[in-house]
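Okay, thanks everyone, I'll keep this short. Let me put the sequence and the structure up, and then we'll walk through it together.

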Amino acid sequence: MLVALDEKNIIGLLTMWTRPTLLHGAKSALIDELVVDKAYRGRGVGKELVKNAFAEAKLRGCVEIEVSTEKTNRKAIEFYRNCGFAEEHVLLEKKMRKGFGRFKR
Ligand SMILES: CC(C)(COP(=O)(O)OP(=O)(O)OC[C@H]1O[C@@H](n2cnc3c(N)ncnc32)[C@H](O)[C@@H]1OP(=O)(O)O)[C@@H](O)C(=O)NCCC(=O)NCCS
């Protein structure tokens with residue numbers, strides 16, 4: 001987990017995990033969640049967190065880093081493209097039941 005701080009508060013959060021893959025014969029990293037406090041968006045905080053995630057994934061020997069977002073989240077898709085990600089896979093999902101998250105974009 002990476003966090004961005006101002007003088008005293010957490011203003012951004014990125015969670016990532018890594019896993020070995022048979023496909024690559026090496027580890028792959030996945031950015032799980034990324035959120036920047038609304039008041040701090042558009043100031044480079046998200047990109048800085050992603051840059052640090054790239055560095056951390058490299059340190060851990062990953063050969064790639066992946067991220068997924070809802071296909072309706074156009075802003076995040078543009079943001080990730082700007083960070084150097086390209087669309088390589090299709091992620092399929094089956095809804096099991098409603099979650100309890102209270103996060104709002
Ligand atoms: C997506 C999110 C993390 C971006 O964080 P941010 O701190 O606002 O983004 P940055 O200021 O670091 O932007 C980095 C670059 O992406 C571009 N970018 C950011 N938002 C963009 C948007 N909506 N449309 C187009 N480009 C965008 C910026 O212009 C900037 O470009 P530059 O480096 O060439 O100047 C933030 O908007 C957020 O928390 N959104 C809600 C949660 C979410 O959707 N998370 C992603 C899903 S997992």
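So, which elements each supply at least two residues of the shell around the ligand? Before I answer, keep in mind that this is a predicted model. The elements are β3, α1 and α2, that last one being 74-82. Of these, α2 has the largest share of the shell, with five residues. There are 19 residues around the ligand, and the ones that come nearest are Arg 41, Gly 46, Lys 47, Lys 75 and Glu 78. Sorted by class, the shell has seven charged, six polar and six nonpolar residues.

Right, on to the sheet. It's an open one with four strands, ordered β1-β2-β3-β4, and the pairing is mixed. β1, which is 2-5, and β4 sit at the edges, each pairing on one side only. From one strand to the next, the twist averages 25 degrees. If you look at β1 and β2, they pair antiparallel over four bridges, and you'll find Val 3 opposite Leu 13 in β2.

Now bring in the helix. α1 lies across β1, β2, β3 and β4, and runs at about 30 degrees to β2.

And what about the core? The largest nonpolar core has eleven residues, including Leu 14, Ile 31, Leu 49 and Ile 65. β2, β3, α1 and β4 give two or more residues each, and α1 gives the most, with four. Take Ile 65 as an example: leaving aside neighbours within four places in sequence, Ile 65 is in contact with Ala 29, Ile 31, Ala 53, Phe 54 and Ala 57.

That's my tour, thanks.

Note on methods
Residues numbered from 1 in each chain as written. Predicted model: local features only at pLDDT ≥ 70, side-chain atom pairs only at ≥ 80, totals over all residues. Core = buried A, V, L, I, M, F, W, Y, C linked by C-beta atoms within 7 Å. Buried ≥ 20, exposed ≤ 12 C-beta atoms within 10 Å, placed from the backbone. Contact = placed C-beta atoms within 7 Å. Near = placed C-beta within 6 Å. Nonpolar A, V, L, I, M, F, W, Y, C, P; charged D, E, K, R; others polar. Pairing = 2+ DSSP bridges. Axes fitted to C-alpha atoms, helices over the stretch in contact; angles between N-to-C directions.
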